[in-house]
Amino acid sequence: MSDKALVTRDGKGLRRLTQTDEFSTFIPLAVIMLITAAIRPDFLSIRNFSAMFNQIPFIAITALGSSMTLMTGNVDISTGRVAGFAGIMMPMLVVELGWGAAESILLSLACCLAIGFVNGFLVVKFGLPSFITTMGTLYMVGGARYLMIKEYQYNLHAVEGFSLVHAFDQLYLGMPLYFWCMLILFAIAFVLIKRTLWGRRMLATGDNNEVATLVGINSKKMQVQAYMLSALLAGIAGILLTLDMGFGLPENGDGWEFRAIAGCVVGGVSLSGGKASPLGVLIGVTLVFVAENAIIFLGLPTTMRVAVQGALMAGAVLFDIFRQSRKVPE
Amino acid sequence: MQADESIRFSQDTGAESAGTQQFAMQAINITKRFPGVVANDNVCLNVRKGEVMGLIGENGAGKSTLLKVLNGVYPHGSYTGTLLLDGREIRPASPNDAMLLGVGYVPQEINVLKYFSVAENIFMFDLRMESTRDKPQDGRPVRKSRTPFANFSEMFRATKQLLADNRIDLNPRADVRKLSIGQQQMLMIARALAINPKVLILDEPTTSLSGKDVAQLFMVIRHLQARGVSIIFVTHKLAEIVELTDRVTILRDGKNISVYERSQYNTRKIVQDMIGRDIAAMYVKEAQTPGDEVLRVENLTVEHPYVANRNLIENVSFSVRRGEILGMAGLVGAGRSEACMAIFGMLPVKSGKIFIEGKPVTIRNSQEAVRHGIGMVSEDRKKFGLNFVWDIRNNIGISNLGAVARGPFVLKSALSRRAEKYFKSLRVKARSIDTRVATLSGGNQQKIVIARSLNSQPKLMILDEPTKGIDVGSKNEIYGLINEMTKEGVAVVMISSELPELLAMSDRFVVMAEGKVVGELAQDQATETSVMEMATTTFKTVS
Amino acid sequence: MKKDAEARLRSQSGSALSRFLLNPEVGVLIPIVILSIVTTSIKPSFFTWKYFSSILMGSIFIGAAAMGEAFAIMSGEIDLSVGMNGTFSGVMAAYACINWGFGVVPTLLVGLGTGALIGAFNGFCVTKLKLSSWITTLATQFICTGLAVTVSDGYPMSISSLGTSGFTRARPLGLSWLFFIFIGLIVVCDIIIRKTKFGYRLRAVGGNQEFAQMSGINVKRVKMMVFIISGLFAAVGGLFDVLVNASASSTFGVGREFRAIISVAIGGISMAGGAGSMYGAGLGVLLFHTLWYALRILKIDTNLQLVLIGFILLLSVLLDIFRKRVEARRLIGG
């Protein structure tokens with residue numbers, strides 16, 4: 001991490017690092033890992049970790065998209081269904097219509113962008129509550145993905161000459177391909193958000209709409225773009241899961257939206273907008289998974305996994321509220 | 001034609017020696033109308049190069065409207081009149097446009113990006129750090145997109161330079177949410193200075209500052225002035241006008257009243273120009289003999305909601321008796337509304353005592369306030385006054401459901417009877433109590449708000465700007481209502497920024513300034529001048 | 001002048017008709033009728049008591065949750081836990097029956113108590129900790145899911161020992177007792193909202209929170225009550241499931257909160273709070289189920305139903321916005 005990336009901090013080196021919001025998410029992650037490892041050393045085993053990291057990337061990519069809408073002050077709960085939609089549309093195009101990998105992926109993602117645009121348009125243009133609006137698209141997309149398929153699942157392994165799916169069967173440096181895809185996407189997002197004009201303006205839109213307008217930012221356009229990116233990233237996550245499994249299932253992605261939002265919130269994304277960092281989101285999603293995993297290692301029933309997630313989310317928001325309620329010095 | 005008039009106006013005001021080209025900014029014959037009101041009526045404002053022009057006037061004098069014209073909130077075309085910057089006409093279409101044209105604006109409220117660094121706040125309009133170096137075209141800098149990346153190192157350097165040039169003590173890398181209020185105010189000034197403005201508008205910049213910060217602000221302003229920047233300094237406070245400005249323009253009722261050079265300053269005269277309204281004989285005050293004390297407040301203190309170690313109001317004490325009207329005078333932001341909100345349980349009280357009919361009470365929420373016999377009409381009718389989803393019946397009836405209920409059930413016939421009673425006695429102009437309140441005129445809406453408070457049978461009625469934004473006829477009816485209240489023995493606390501109205505209606509006065517009570521006046525002691533002089537006191541030491 | 005008066009008169013008579021059409025209940029009833037006529041004309045067997053009664057009886061589960069949701073939305077909040085709270089309450093009731101040997105009444109009370117307790121927790125978070133209602137209730141949804149799965153261990157928990165099957169299988173007037181209980185609850189809710197002091201206060205809070213405060217209403221207390229009521233109705237929905245199936249399972253109420261919100265929205269309850277009718281919400285549930293059954297009998301893919309539901313939801317919120325805009329324009333014009 002370059003020190004230029006942490007421009008909003010004061011001080012040098014380590015001190016500057018400890019003042020970042022990402023750092024305050026990292027501490028609980030480290031604490032949970034240390035405590036669990038102290039009690040059950042096999043928690044830190046490579047097997048356990050690679051099992052965890054097999055699930056993290058899909059939610060993490062979706063959460064990255066969710067953080068885009070959250071940072072502009074809205075919420076998108078259609079991401080899970082959009083992921084499932086793209087995840088079944090891509091193999092459908094390949095198997096039914098015999099399309100190649102590139103064009104089927106591109107068309108699927110284009111559809112995702114269109115869905116995101118509809119979300120953003122309805123929220124920005126008509127002032128509909130974002131939660132209800134995206135709930136509407138959640139249902140529409142959720143139904144549409146079943147409508148367009150003739151079979152329940154499409155097996156990509158059975159398609160002659162579809163080599164992309166084999167690339168996902170192998171490990172690279174001990175990690176599956178989608179893990180590296182996730183890292184690349186987060187790196188791009190990190191640069192976009194932290195370093196580019198576009199990213200800074202996106203954050204400014206959610207931070208203070210009035211100031212954003214004053215300095216000439218088109219905040220409506222920014223909000224629509226955030227929705228489009230949210231749908232796009234969800235679509236990518238869905239397609240990556242399909243490629244990893246080798247076949248598409250329509251119900252993939254169900255429930256991802258709230259796990260993604262939970263990851264964002266734990267990762268320090270403010271629900272009132274203006275504060276989000278890709279690194280924080282990645283740590284946040286990891287924290288959610290590690291905490292669930294740790295709970296199981298510590299002997300709580302596996303079935304409490306979801307409950308832990310809920311408690312973590314509420315705790316993270318409470319922490320955010322507490323931090324914001326501190327008074328400004330005179 | 002218009003230009004002629006403007007020249008005549010500037011000649012009238014003793015600026016004949018200064019030709020048009022010497023003015024940094026001119027607003028000529030600005031007229032801005034709203035439905036039913038002329039907020040600015042042929043207003044002119046001429047600011048010379050490198051001078052600090054004070055703009056002063058009471059609430060509703062038309063200052064904020066003029067500022068919104070100058071900084072583009074009201075776009076060109078929504079008003080009549082001409083804006084000249086350095087002798088050339090400008091037509092700002094938005095605040096951003098005005099900013100790029102060279103009109104810097106610092107709003108009254110703190111308005112910053114809290115999750116960004118100081119430097120990014122200042123240069124958010126161009127993080128590439130290019131446009132300011134490009135040649136301007138038509139007054140606007142040209143934007144070229146050579147790179148999508150923000151140039152942070154250049155930005156920090158430029159910020160450091162900018163802050164040093166203007167003697168503003170801020171760290172470019174500092175996190176904005178960790179800055180104090182005073183520093184955030186300085187940041188907003190630096191943000192406005194980043195575009196090299198020809199004119200800088202400061203809208204009541206001292207409201208949120210402590211004494212030390214005010215001194216720092218004045219130093220920065222003098223420094224800017226020395227560098228040739230013109231400043232429009234809007235304030236309520238006379239001391240600041242005397243301390244800082246070279247000339248002062250006084251507005252009243254949307255019109256130009258006078259312009260004084262520094263050498264002509266005379267505080268009494270300025271005050272008179274601010275308030276000199278005709279007191280129409282329409283306020284018919286029916287004096288009642290005051291009875292027992294209903295409310296006494298001792299050393300009431302309310303903390304600021306988000307600034308540490310600061311109070312909204314401090315050690316406020318007063319009392320009011322049966323049948324008496326206590327007038328609370330002061331400027332906007334003096335803490336009058338906050339004191340009343342605290343008494344009504346809407347703001348948490350930090351310390352101090354409230355006595356109702358001699359007995360000490362604690363009021364933690366509005367429910368308890370109503371139970372102790374307090375009724376309140378808030379200043380903001382839209383936000384606090386009405387439920388626009390409802391008809392007149394429910395809007396009036398909601399404050400006293402107990403009187404129209406049997407057990408848990410509300411008897412609609414009783415509710416209607418009660419609402420009808422107030423509907424008739426307050427002479428609300430509407431077809432029936434089934435009419436939705438959203439369809440009523442402002443005056444009639446205000447009657448509904450008052451009816452709602454009366455419906456809870458208060459012993460003490462707090463009226464915060466009860467005649468704000470309503471027509472003259474309705475105003476008179478409201479005065480009549482207040483008289484009727486006192487006749488029935490209700491104690492009234494009245495806040496009004498229209499001094500003549502307050503003077504005519506009240507039996508006694510409490511004057512507040514900067515969150516404190518600065519004096520109490522009996523009816524015969526109070527004149528517009530004596531009240532205004534008290535209300536413009538400032539505790540902030542400027543040196 | 002005269003023309004003006006005439007125009008005003010016309011607009012008033014016009015507003016009588018439009019008021020009838022804009023009436024939330026009528027607005028929901030019309031699509032139900034159209035849908036029924038269309039379906040019947042294609043498939044006459046749709047217009048039979050057998051179908052109609054199953055639509056009615058099938059709507060009680062989401063219906064109960066929708067009642068709770070209607071309280072929450074009318075007060076200007078949202079409750080995303082109405083589904084899983086009901087599930088967990090049902091599981092707790094079954095747990096009490098199986099492990100503690102409770103009888104019918106105590107078992108049901110355990111269920112209702114659990115729902116109310118979780119509702120109170122939601123209310124505490126929203127009023128005291130100032131968390132936003134959607135994140136709070138989302139968290140409780142997660143927590144309830146985890147608890148329900150843990151307590152039931154993922155298996156159905158039979159409550160046949162209670163001997164309630166005779167009661168649930170009885171078909172008075174061709175419907176079940178539970179359906180009549182549900183109708184009774186709607187009537188009670190309607191009375192609470194329209195006629196009681198609490199109902200007036202709730203609508204005041206939903207319409208304008210600051211206004212409610214100025215009128216001497218304890219907003220926090222009203223909101224607390226709203227979340228407890230919402231939790232109770234969630235539990236009622238969960239207990240309906242348990243009684244009908246004679247067992248509790250952690251999978252019963254999944255996704256019910258969304259269906260409840262949609263029913264409430266298409267039932268004409270304003271998403272901005274403060275306005276709406278309980279009968280409208282009930283009819284919203286009915287529309288939801290009529291659509292479901294109509295598409296099934298027409299052998300149209302049930303997934304089309306999801307698309308249509310989403311579409312209707314967006315349409316109804318858009319309609320709400322347009323209704324307000326039209327009114328606002330009329331006010332300015334007049």
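How many residues lie between β11(B) and β12(B) in the hairpin that they form? In this predicted model, the turn between β11(B) and β12(B) holds 2 residues, and B:Asp253, which sits in that turn, has a positive phi of about 50 degrees. The two arms of the hairpin are strand β11, residues 247-252 of chain B, and strand β12, residues 255-261 of chain B, which run antiparallel and are joined by 6 bridges. Within this pairing, B:Ile250 stands opposite B:Ser258 in β12(B).

Chain B also contains an open sheet of 4 strands, which are arranged in the order β2-β1-β4-β5 with antiparallel pairing. Because β2 (37-48) and β5 (88-90) of chain B stand at the edges and each has a single partner strand, one side of each is left without a neighbour in the sheet. From one strand to the next, the twist averages 25 degrees. Strands of a sheet pair through backbone hydrogen bonds, and the pairing may be either parallel or antiparallel. Here strand β1, residues 23-34 of chain B, is joined to β2(B) by 8 bridges, the two running antiparallel, and B:Phe34 stands opposite B:Val37 in β2(B). Helix α2 of chain B, residues 63-70, lies across β1, β2 and β4 (80-85) of chain B, and it runs at about 115 degrees to β1(B).

Further along chain B, in the loop between α14 (412-425) and α15 (442-455), is B:Arg427, which has a positive phi of about 50 degrees although it is not a glycine. B:Arg427 counts as exposed because 12 other C-beta atoms lie within 10 Å, and the limit for an exposed residue is 12 or fewer. Chain C offers another example in C:Asp153, which has a positive phi of about 60 degrees although it is not a glycine. C:Asp153 is placed in the loop between α7 (133-152) and β1 (157-158) of chain C, and, with 11 other C-beta atoms within 10 Å, C:Asp153 is exposed.

Elsewhere in chain C, C:Phe240 belongs to helix α12, residues 219-245, and it counts as buried because it has 25 C-beta neighbours inside 10 Å. Leaving aside residues up to four places away in sequence, C:Phe240 touches C:Ile60, C:Phe61, C:Ala64 and C:Leu178. C:Phe240 and C:Phe179 are 61 residues apart in sequence, while their C-alpha atoms are 9.5 Å apart in space.

In chain A, helix α2 has 19 residues, 21-39, which at 1.5 Å a residue should span 27 Å, and this agrees with the 29 Å between its end C-alpha atoms. The buried residues of α2(A) are A:Asp21, A:Thr25, A:Phe26 and A:Thr36; seen down the helix axis, they fall within an arc of 120 degrees, so they line one face of the helix. These buried residues pack against α12 (256-266) and α13 (278-297) of chain A, whereas A:Ile27, A:Ala30, A:Val31, A:Leu34 and A:Ala38, on the other side of α2(A), are exposed.

Finally, chain A meets chain C in a contact that takes 36 residues from chain A and 37 residues from chain C. On the side of chain A that touches chain C, the elements giving two or more residues are α5 (101-126), α6 (130-147) and α14 (305-325) of chain A, and the largest share, 14 residues, comes from α6(A). The residues on this side of chain A divide into 26 nonpolar, 9 polar and 1 charged.

Key
Residues numbered from 1 in each chain as written. Chains lettered and ligands numbered in written order. Predicted model: local features only at pLDDT ≥ 70, side-chain atom pairs only at ≥ 80, totals over all residues. Contact = placed C-beta atoms within 7 Å. Nonpolar A, V, L, I, M, F, W, Y, C, P; charged D, E, K, R; others polar. Buried ≥ 20, exposed ≤ 12 C-beta atoms within 10 Å, placed from the backbone. Pairing = 2+ DSSP bridges. Axes fitted to C-alpha atoms, helices over the stretch in contact; angles between N-to-C directions. Expected span 1.5 Å × (residues − 1). Arc of directions from axis to C-beta.
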